[in-house]
Amino acid sequence: MVTAPDSRSGLTTRQMRAVVLIVAVALIGGFIALRSDRGAVVGDTDPSVDTMSGAELEVIEDVDAPVRERATRAYVIGDTVFATVEEGLGAADAALEAGRIYQPQGDNALEFYLGALAVAPDNEAAAEGLAAVGTLVRDAFWRSLVSHELTEAESLLPLLEEAGNDGGQIEEFASTLERLQRADDFVAAARDDIDSGRLVQPRGGSALARLERARELNAEHPELEAEFDRLESALVDQALGSARERRFQAAFGVLDRALEVRPNSRRLLGARADVLAFRDAQIGQRAESARAAMLDGDFQLVERLLDEIRRLGADRELLESLREENRDATIYGRFEPGEIFRDRLSGGREGPIMVVVPHGSFLMGSASDEAGHTREEEPQHRVYFRRGFALAQGEVSVAEFEKFVTATGFQTDADVRGDSFIYNVRNGRIIRRSGVTWRDGYTGREAQPNDPVLHVSFNDAAAYARWLASVSGEPYRLPSEAEFEYALRAGGTMVYPWGEESPEFAIENLTGSRDRSDYQRRQWNRAFRDYDDGYWGPAPVDSLVPNAFGIHHLAGNVEEWVEDCWHDSYVRAPIDGTAWVNRGCPRRVVRGGWWGGAPETARSAARKSYPTEQRGSSIGFRVARDLY
């Protein structure tokens, strides 16, 4: 935007008269370049040359006369001879009144006032008149800028400097004019770029870049919007052409770059929507072909189609879904059922020991006549695992959790809230105690590195799984409830993973009738008959005997968080083994028995729920991993 400086200042009577008169007269349009010749000063010695807007000044008298006498000397402006300065001032005032401010040459107020001042530099009337002329020239200069008549403004700039009434702003005026001229140049260059097809590339030398620069210099340039409209039309044509050639990335690149500059353009937004719809149709056709190839077992064709879908720019969710379907079809990928492996983590470390669980199906839940059955365990329903998955051989240990905390600085809910629940060895009760964190064991004292990590909430467990996925590059997560029960049963269908009654040998860390605490030799009120596993409290994660799938402590030791939200029945539960999750659920499922739980909590179908921030001496977790 061009803004004229404030010209409200005190004017003399002569200036006021001149301004009032000139407002009544229409300014003569068009400017004639003023000559730069200097008039000759003629005296008894060699003449010298002085400049007054191109008019010749010839002083008839002796140039050596005192200054105070010069007002009486005759001088010439163009073809006019003035006998005195007063006569010249009269002509200047008349020209000002008639609107001849700076033209025609040799007969305008600017030249007449300058001539009078050249002969009589101290003449106040001439100075006042010249000031009035300068104000008018300055106003004309700014009107030219506002109306974008830059050639006219450029011709007025030297006259404004000559009139000398610029308020010390001549450099600002010149800078403003130069800025607007540069904007003109950018618009002209952008016009050529559009005609030549240089629309958005190269990034700094394209039509779009030049129009951006022009807008920065002069947002009110009269041709700016028209050129932007021309550019948009060209961009839309180019983008649709790229889309027809299946070069969708190029099409979106062109449109997105333009939308950076004109984010609300309906034309650009509409073109982008058209390109997107066309691309999605192409992707959809190839996705269906890929699924058909999966059913035919033609996995090489599937990979080629997936590569085409990726090159077309499919969104990540669809591409990952298709890849998952393909990997599901191959069941185990590069693994074998029952295989034990450890992933490499960043920094050369190793992840937890994982066991590949074979695919299959099982009957989840319990029958109503099963001892210990609850309504939350029904209806029984068959769950199908079309692909294998891996489950950690043991619970996450204190040492493994410490790696996570050290690497990330993560604070658990117990750290933040300042407490957790522990086992009070004096009275055998579970109590809340301040200052207890994941570093502590079930009694609140420091835990051993190979103990299962306790005092962790669901939020803490989920954060660990996300970290493990990020540092391994593999899809680690918490297991689903169905995966946990499937792995716990390990092909069995009875009440407990090992049968219907107490275990015959130390297979799990459970409450046994022959267990004794280290303090006061306490016994369990409700326990497995004639059973003693050797532990009062949690056992190390790799202790005792693994089950038929090669996994430790699924039925005992500590309860474990799983991914599922809590639902009070299995009505509408997934049958594909995935976690049943609702957005923002406040409670999650906990599976498996624990070192102090009643026998019915160790049943294969037993389940319970806790708030996501729950933590204590009975709860830990393990991780699962997809094999694709």
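Let's start with strand 13 and strand 14, residues 587–591, which pair in the antiparallel sense over three bridges. If you want a spot to look at, find Cys565, which stands opposite Arg588 in strand 14. Keep in mind as we go that this is a predicted model.

Strand 13 has another partner too. With strand 16, residues 619–620, strand 13 pairs in the parallel sense over two bridges. Here you can look for Glu559, whose bridge partner in strand 16 is Ile619.

So how many of the seven residues of strand 13 are buried? Six of them are, and therefore strand 13, residues 559–565, is largely enclosed by the rest of the structure.

Now let's move to another sheet. This one is open, has five strands with antiparallel pairing, and its order is 5-6-9-17-12. Which strands stand at the edges? They are strand 5, at 340–341, and strand 12, at 476–477; each has a single partner strand, so one side of each is left without a neighbour in the sheet.

Further in, strand 6, residues 354–357, and strand 9, residues 389–392, run antiparallel and are joined by four bridges. On screen, you can find Val356 opposite Ala390 in strand 9. Helix 16, residues 481–489, packs on this sheet, and touches strand 6, strand 9, strand 12 and strand 17, which is 624–626. The direction of helix 16 makes about 75° with that of strand 9.

Next, the empty spaces. Rolling a probe the size of a water molecule over the atoms shows where empty space is left. In this model, the count comes to six cavities of 30 Å³ or more.

The largest cavity holds about 70 Å³ of space. Among the residues that line it are Met364, His381, Glu481, Asp564 and Trp580. What kinds of residues make up that lining? Six are nonpolar, two are polar and two are charged.

The second largest cavity holds about 50 Å³. Its lining includes Leu345, Glu350, Gly351, Lys403 and Trp467, and divides into five nonpolar residues, one polar and three charged. Where does the largest share of this lining come from? It comes from helix 15, which gives three residues. Helix 13, at 398–408, and helix 15, at 458–472, each supply at least two residues of the lining.

That's my tour. Thanks for listening, and do turn the model around yourselves!

Definitions and conventions. Residues numbered from 1 in each chain as written. Predicted model: local features only at pLDDT ≥ 70, side-chain atom pairs only at ≥ 80, totals over all residues. Heavy atoms only, no water. 1 Å grid on protein atoms, 1.4 Å probe; cavity = no way out; pocket = protein on both sides within 12 Å on 5 of 7 lines; lining within 4 Å. Points joined across faces, edges and corners; volume = space filled by probe spheres on them. Nonpolar A, V, L, I, M, F, W, Y, C, P; charged D, E, K, R; others polar. Buried < 20%, exposed > 50% of the residue type's maximum accessible area, 1.4 Å probe, protein only. Pairing = 2+ DSSP bridges. Contact = heavy atoms within 4.5 Å. Axes fitted to C-alpha atoms, helices over the stretch in contact; angles between N-to-C directions.
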